[in-house]
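Let's take a walk through this complex together, one stop at a time. Keep the structure open beside you and turn it as we go.

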Amino acid sequence: MDSAAATASALETDTRREAIRVEDLHKSFGNLEVLKGVDLTAQQGDVVAIIGGSGSGKSTMLRCINFLETPSSGKIVIGGEEVAMRGDGSPANQRQIERIRTKLAMVFQQFNLWTHRTLLENVIEVPVHVLKVPKAKAIARALELLNRVGLGGKEDTYPAYLSGGQQQRAAIARALAVDPSAMLFDEPTSALDPELVGEVLTVIRDLAAEGRTMLLVTHEMKFAREVANHVVYLYQGRIEEQGPPAEVFGNPQSERLKQFLSSVA
Amino acid sequence: MGAARAAFTEGGHVMTGLKELMQPHRIVMMLIFAALVIWCAVSLRWDWLPKYAPLALEGLWTTIWILAVSLVIGFLLAVPLGLAQAVGPWYLSIPARTFCTIIRGTPLLLQIWLLYYGLGSLFPQFPWIRSSELWPYLRQAWPYAVLALSLSYAGYEGEVMRGAFSGVAKGQLEAAKSFGMPRFTMFRRIWLPQAIRNVLPTLGGETILQLKATPLVATITVMEIYAVSSRVRADTFIVYEPLLLLALVYMAIAGVIALAFRRLEKG
């Protein structure tokens, strides 16, 4: 079999298992072009770590995938369904983007738990009020999930009474409650005190081991190397280098990546 | 847990309340106050009270319902006014801002009179209004009183809600958005509750101010509690006692409002 045929057949099987595909994504804030054409594909079960210096566009890229930021141009395909975009990059069909967002659960750097609701209310909010799951069922599942992230017994507590690590674990439970087909982690440990990082990484590591599809923007290089099966290095809005973690971390090709890795090590 | 915490704090209040009250200096103050009340009761004139009590109760009721209705209507208007100013397009935000500026920039008394003497004298000139079902109401004073007080509350609270809506952390809304929450659900479940929660102390204060603005409607012949005290004065030439009682009534209502808001802030 020649290489072209191999690629074609690989692509064919890929489209069926494909979770997220980003094609030629551009994003500008005013005159500042943050993303200059990024292509990225994640198959189901992939854990893709996105690394890069500050201002490299990694968070922006993640936020473009669920249209929290409006892309300037490009194509976003989620689970084989292309998000319809207007000329200015905004979603053309509000219903479609809302439906797609319910399948992509996001975990934020600042947790963003709803401060006026208890942990339990946070976790059942979307299942009950968006997905219309019966309340009793949602509560049972929420308690299970809170238990799983080590917050059993804290369901009636308000977020303000919890540590950052506990809040982030609750945010992960909230994300899991929607049964997402892929999870987007936007620097989930960057706002945490160093001693609290471990507990959150443990939860994420378990999720990765479960075979969940995840896109993970992170500064934790050791962790990225350990849990990801694909690592993407962004530099000034472009993918500078990507590959399996052993390659990217063990044998970086580009000068910039080498420099970046030595600066964060 | 929410209920348990409320019970705990309430229990705490009762405990410290009793203990704190039984301090010597507090007991002296309470005795002085009691003496003052007894002196008022014994040496001032209250013989007019039985005769005017029914009228006073009616007036009290009028004050309370006019206040309540104007608060509800005013707040229902304040929410869109605040939203329009906070995030609305220019063709909504400019009229909203103009409305709030005019209301806040002119005396309430003037607004009441403009509505009552202005609209009130304009309406009868249209035969179709005079023959309409609403005419029996429109020829009375209270609709203008309610309208003026509602618009005034809307104007002030519209400004408060503008700040409240912009003050809700962006991340809170982004989280809702990222889970595919439809816009109206997001408004109802996340944005509005958080906005109101943030300004509850302000709203409590403004509500008490609104209570104390209600006597102004006596100037357009609405017979609320202040008007009753004026009536007593005019009939009997007793000046001081009705006013004293009136002050007590307003303090009692203000106290109830303050308590209600404290409850809300905790819950």
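**A guided walk through the complex**

Let's begin with chain B, where buried residues make up 26% of the 267 residues. Bear in mind from the outset that this is a predicted model. Chain B has 12 helices and zero strands, so its radius of gyration is worth a look next: at 23 Å it is well over the 18 Å that the globule rule gives for 267 residues, and the chain is therefore more spread out than a compact globule. The extents of the C-alpha trace of chain B along its principal axes are about 70 × 65 × 30 Å. What share of the contacts in chain B with a separation of 6 or more comes from residues 24 or more positions apart? Such residues account for 79% of those contacts.

How far can you trust what you see? For the complex, the predictor gives an ipTM of 0.88 and a pTM of 0.84. Chain B has a mean pLDDT of 90, with 94% of its residues reaching 70 or more. Its residues 1-12 are another matter: the pLDDT there is below 50, and the stretch has four contacts in the model beyond near neighbours in sequence. Chain A also averages a pLDDT of 90, and 94% of its residues score at least 70. In chain A, residues 1-13 stay under a pLDDT of 50, and the model has one contact for them beyond four places in sequence.

Now turn to where the chains meet. On the chain A side, 21 residues are in contact with 18 residues of chain B. Three elements of chain A each supply at least two residues of this side: α3 (94-101), β6 (104-107) and α4 (119-129). By character, the residues on this side of chain A are eight nonpolar, eight polar and five charged.

Stay at this meeting place and look for helix α9 of chain B, residues 170-178. In this helix A175(B), A176(B), K177(B) and S178(B) are buried. What do the buried residues of α9(B) pack against? Their partners are α3 and β6 of chain A, together with α10 (183-213) of chain B. After α9(B) comes G180(B), which has a positive phi near 75°.

Another stop in chain B is E159(B), which sits in helix α8, residues 142-167. Is E159(B) buried or exposed? E159(B) has 20 other C-beta atoms within 10 Å, and because 20 is enough to meet the cut-off, it is buried. Leaving aside residues up to four places away in sequence, E159(B) touches C100(B) and R104(B). As for I129(B), it lies 30 residues from E159(B) in sequence, and the two C-alpha atoms are 34 Å apart in space.

Let's cross to chain A and follow helix α7, residues 194-209. At 1.5 Å a residue, its 16 residues should span 22 Å; the end C-alpha atoms are 23 Å apart, which agrees. The buried residues in α7(A) are V200(A), L201(A), V203(A), I204(A), L207(A) and A208(A). Why do they line one face of the helix? Viewed down the axis of α7(A), these buried residues fall within an arc of 160°, so they line one face. The spacing makes sense in general terms: an α-helix has 3.6 residues a turn, so residues three or four places apart point the same way. The buried residues of α7(A) pack against β3 (47-52), α6 (164-176), β7 (182-186), β8 (214-217) and α8 (221-227) of chain A. Turned away from this buried side is a face that carries the exposed residues E195(A), G198(A), T202(A) and A209(A). Just after the helix, G211(A) takes a positive phi of about 90°.

We finish with two residues of chain A whose backbone deserves a second look. E187(A) lies in the loop between β7 and α7. Although E187(A) is not a glycine, it has a positive phi of about 45°. With 20 C-beta neighbours inside 10 Å, E187(A) counts as buried. D24(A), found in strand β1 (residues 18-29), also has a positive phi, near 45°, in a residue other than glycine. Around D24(A) there are 13 other C-beta atoms within 10 Å, and it is partly exposed.

Methods
Residues are numbered from 1 along each chain as its sequence is written. Chains are lettered from A and ligands numbered from 1 in the order in which they are written. This is a predicted model: local features need pLDDT of at least 70, side-chain atom pairs count only at pLDDT 80 or more; totals for chains, interfaces and linings use all residues. Two residues are in contact if their C-beta atoms, placed from the backbone, lie within 7 Å. Helices (H or I, at least four residues) and strands (E, at least two) are DSSP runs, numbered from the N terminus. Ala, Val, Leu, Ile, Met, Phe, Trp, Tyr, Cys and Pro count as nonpolar, Asp, Glu, Lys and Arg as charged, and the others, Gly among them, as polar. The radius of gyration is taken over C-alpha atoms; the globule rule is 2.2 Å times the number of residues to the power 0.38. A residue is buried if 20 or more other C-beta atoms lie within 10 Å of its own, exposed if 12 or fewer, and partly exposed in between; C-beta atoms are placed from the backbone. The expected span of a helix is 1.5 Å times one less than its number of residues. The arc is that of the directions from the helix axis to the C-beta atoms. pLDDT is the predictor's confidence in each residue, from 0 to 100.
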